Amino acid sequence: MVKRFDAGEVITALVTPFNKDRKVDYSKIEELVKHVISTGSDSVLVAATTGESPTLTNEEEIEILSTAKRACQNKAKVIFSAGSNSTETAVKMTKLGTKEGADAILSVIPYYNKPSQEGMIEHFSAVAESTELPVIIYNIPGRTGANMSVSTMKYLSEKYSNIAGVKQSYNDLDVISEIRINCPEDFIIYCGDDSLTLPMLSLGAQGVVSVASHLWGKEIKSMINNFKNGNYVVAKNMHMKLYPIFKNLFMTSNPVPIKAALAKKGLIQEYVRRPLVELSDEQKEILYKVMDDFEQN
């Protein structure tokens with residue numbers, strides 16, 4: 001079966017590196033893109049929540065996309081987060097991302113204004129009709145205050161051939177079963193939470209949009225490949241080994257911990273834009289111990 005869109009199994013939701021003045025460090029974006037591709041990522045997602053999109057200007061987002069495309073050198077796909085709680089803005093950014101050469105669009109459920117299911121249909125219809133690129137719905141009720149129903153997802157995925165899949169960041173695994181049963185077979189499900197990757201794989205997910213893959217991409221890729229090859233115990237053991245990493249990368253608001261972890265490895269500086277703040281010394285001690293324990297085991 002040919003999928004509507006295949007971004008592979010490991011998509012890294014890329015952080016946006018900043019310098020000490022909290023300006024975007026585009027050279028570090030290039031380095032980071034090359035790093036994650038070399039360590040197991042099939043695609044990169046830019047200007048999304050992990051990339052601190054709420055604090056980026058539209059101009060910065062487009063320049064980040066352009067920088068990532070250049071760094072990828074066709075070795076991985078680049079997905080552009082073009083969502084907004086304004087349909088007009090979402091369409092505008094989708095068109096700009098399409099023009100700039102994105103391989104696909106990630107579009108979040110409109111946040112804060114809490115649209116009805118009918119409103120979601122109108123919103124995503126406008127987005128889908130504004131581009132020929134594959135569109136991945138981003139369903140994350142914890143951040144948006146709104147949850148797309150399976151029936152709405154089914155309607156959109158059947159009406160629009162370029163509504164290609166969903167990034168599901170919601171810990172109700174029954175919903176994954178319902179999506180798989182009700183939506184077209186070629187509608188791809190991506191797990192949006194590292195710690196739920198293995199359970200979602202067992203219910204038909206393709207892979208994960210990952211934060212941990214910035215540093216543990218090879219291990220996540222190995223876990224997924226072992227699961228798909230029937231090596232379930234090996235996959236489970238890797239999940240258990242990674243689990244403390246997965247959980248501690250969310251000890252506070254994402255992407256603060258992963259930026260601290262990347263800074264520890266010398267890949268970027270840890271700066272985040274306000275209202276986020278960097279990890280405290282106590283938090284760093286906990287995170288660094290988990291990282292060291294992983295390397296020693």
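Helices here are DSSP runs of H or I with at least four residues, strands are runs of E with at least two, and both are numbered from the N terminus. With that in hand, welcome to a set of close-ups from a predicted model.

**Close-up 1. A cis peptide bond leads into Pro 255.** The bond in question runs from Asn 254 to Pro 255, and its omega is near 15°. Pro 255 sits in the loop that joins helix 10 (232-248) to helix 11.

**Close-up 2. Another cis bond is found between Arg 274 and Pro 275.** Here omega is near 20°. Look for Pro 275 in the loop between helix 11 and helix 12.

**Close-up 3. Glu 9 and Lys 221 join their side chains in a salt bridge.** The N to O distance is 3.3 Å. This pair ties together distant parts of the chain, 212 residues apart: Glu 9 belongs to the segment before strand 1 (10-13), while Lys 221 is part of helix 9 (residues 213-228). Are these two partners buried or exposed? Glu 9 has a relative accessible area of 14%, so it counts as buried, and Lys 221 is buried too, at 17% relative accessibility. Step back a little and a network of salt bridges comes into view, linking Glu 9, Asp 42, Lys 221 and Lys 228. For the wider setting, a search of the whole structure finds 16 salt bridges.

**Close-up 4. Glu 270 pairs with Lys 284 in a salt bridge.** The closest N and O atoms of this pair are 2.9 Å apart. Glu 270 comes from the loop between helix 11 (256-264) and helix 12 (281-296), whereas Lys 284 is in helix 12 itself; the two are 14 residues apart, and the pair links distant parts of the chain. Lys 284 is buried, with a relative accessibility of 16%.

**Close-up 5. Within helix 12, Lys 289 and Asp 293 form a salt bridge.** The side chains meet at 2.9 Å, N to O. Because the two residues are four apart in helix 12, about one helical turn separates them. Lys 289 is exposed at 51% relative accessibility, and Asp 293 is partly exposed at 27%.

**Close-up 6. Helix 3 and helix 4 meet in a right-handed crossing.** How do the axes of helix 3 (residues 87-99) and helix 4 (residues 117-129) cross? They come within 9 Å and cross at roughly 20°. Angles under 35 degrees count as roughly parallel, so that term describes helix 3 and helix 4. From helix 3, Thr 87, Ala 90, Val 91 and Thr 94 take part in the contact, and they meet His 123, Ala 126 and Val 127 of helix 4. Sorted by class, this contact has four nonpolar and three polar residues, with no charged ones.

**Close-up 7. Arg 22 has a positive phi although it is not a glycine.** Its phi is about 60°. You will find Arg 22 in the loop between strand 1 and helix 1 (26-38). With a relative accessible area of 23%, Arg 22 is partly exposed.

**Close-up 8. Lys 114 is a non-glycine residue with a positive phi.** Here phi is about 50°. The loop between strand 4 (104-108) and helix 4 holds Lys 114. Is Lys 114 buried or exposed? Lys 114 is exposed, with a relative accessible area of 56%.

Key:
Residues numbered from 1 in each chain as written. Predicted model: local features only at pLDDT ≥ 70, side-chain atom pairs only at ≥ 80, totals over all residues. Heavy atoms only, no water. Salt bridge = Lys/Arg side-chain N within 4 Å of Asp/Glu carboxyl O. Buried < 20%, exposed > 50% of the residue type's maximum accessible area, 1.4 Å probe, protein only. Axes fitted to C-alpha atoms, helices over the stretch in contact; angles between N-to-C directions. Parallel < 35°, antiparallel > 145°, perpendicular 65-115°, else oblique. Left-handed = near helix turned anticlockwise from the far one by under 90°. Contact = heavy atoms within 4.5 Å. Nonpolar A, V, L, I, M, F, W, Y, C, P; charged D, E, K, R; others polar.
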